[in-house]
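Please open the model in your viewer and keep the selection panel at hand. The tour below moves from one selection to the next and says what is found at each stop.

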Amino acid sequence: MRGTVPGLLAAAAAVVVSYLLHLLLPAVPVLTAAVVLGLLAANLPGTAARTAGAWKPGLALAARKFLRLGIVLLGLKVSLVDIAGLGWTALLLIVALVLAAFAGTYAICRLFRLPGDEPVLIAAGFSICGVSAVGAMAAVRRTRTEDTVVPAALVTLCGTLAIAALPVAGGLLNLPPEVFGSWAGASVHDVGQVVATAQTAGTAALAAAVVVKLARVVLLAPMTAAAGLLARRAEANGSAAGKRPPLVPLFVLGFLALILVRTWGVLPDAALDAAAVLQELLFAAALFALGAGVRVRMLLASGVRAAAAALTSWVLISCLGLAVAVLLAG
């Protein structure tokens, strides 16, 4: 355990710097700053050796455990009562959106010949709830932590792009606040990014965005369970031996349990606010750690193709999300 201290201290320092950058430049989200700091740490001469040496055990712990703890806490943002208020028609549209976005993104990533589990991880992150979905899908597929780096970075950076691009597009299209909010909730990846995008159009837009987004977040559990079932079948049909992959990881069950806690309303607002801050801290540390595992040479190997696939998928999901937002308004 002592060997993890240097890496954990480095991650903590990076989180502090990420928040300071966000305070100085509010347009730069904390999670984006954390990813960029990790990339710099992995490739600058002064810190590159440390990320591959003394810091590595602590960074590996942050990338794996902190991300999963953050996913568990994400459940405290989801109230089933709020989601049920959308109505069955809206819920079915959102389910169809997530399935279409997942299938479309996966097909695009395969078309760009992305390696390994990158297509399914990027598809999960883009269609459901950003880096949380990347981490959950990686767990059921038993993907190596280093193979989640590019998907996590892309889903964070493309979600940040939406914060700048969607308000401009919404203004050009002259969208009503509720429609713009539903569009943000239906197409932006991470919950925090949705809030940052939708609040530019006022409280009505923000309220619509959060409910639609959380309906997507709830689908993390069934989508993860389906992926776990497919992974079990593939392993059973193959020649691989050993422990079978989990149908639903323990931390996803924790995510579901905290959804129920939020729905029952047993926690005061102060506790929910504290949990939200802790979740962002955990995600920031995890994303710094993931970014610190990226070497420029490795990124260039598939980075251009991956970036092109991510941008194409981002456009696809933005179009699908706009269509759903218009249907919800009708």
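Begin by selecting Leu-31, Gly-130, Val-131, Val-155, Thr-156, His-189, Asp-190 and Gln-193, which together line the largest cavity of the structure. Keep in mind from here on that the model is predicted. With the lining still selected, you can colour its residues by character, and they divide into three nonpolar, four polar and one charged. The space that they line has a volume of about 40 Å³, and the structure holds one cavity of 30 Å³ or more.

Next, clear the selection and go to the loop between helix H6 (88–111) and helix H7 (118–129), where Arg-113 is found. What is the sign of phi at Arg-113, a residue other than glycine? The value is positive, with phi near 60°. Most residues other than glycine have a negative phi. If you switch on the surface at this stop, Arg-113 can be described as exposed, because its relative accessible area is 59% and the cut-off for exposed is over 50%.

For the last stop, move along the chain to the loop between helix H9 (149–173) and helix H10 (177–187), and select Asn-174 there. Asn-174 is not a glycine, although its phi is positive, at about 55°. Is Asn-174 buried or exposed? Asn-174 counts as exposed, because its relative accessibility is 67%, and exposed means over 50%.

Key:
Residues numbered from 1 in each chain as written. Predicted model: local features only at pLDDT ≥ 70, side-chain atom pairs only at ≥ 80, totals over all residues. Heavy atoms only, no water. Helix = DSSP H or I, 4+ residues; strand = E, 2+ residues; numbered from the N terminus. Buried < 20%, exposed > 50% of the residue type's maximum accessible area, 1.4 Å probe, protein only. 1 Å grid on protein atoms, 1.4 Å probe; cavity = no way out; pocket = protein on both sides within 12 Å on 5 of 7 lines; lining within 4 Å. Points joined across faces, edges and corners; volume = space filled by probe spheres on them. Nonpolar A, V, L, I, M, F, W, Y, C, P; charged D, E, K, R; others polar.
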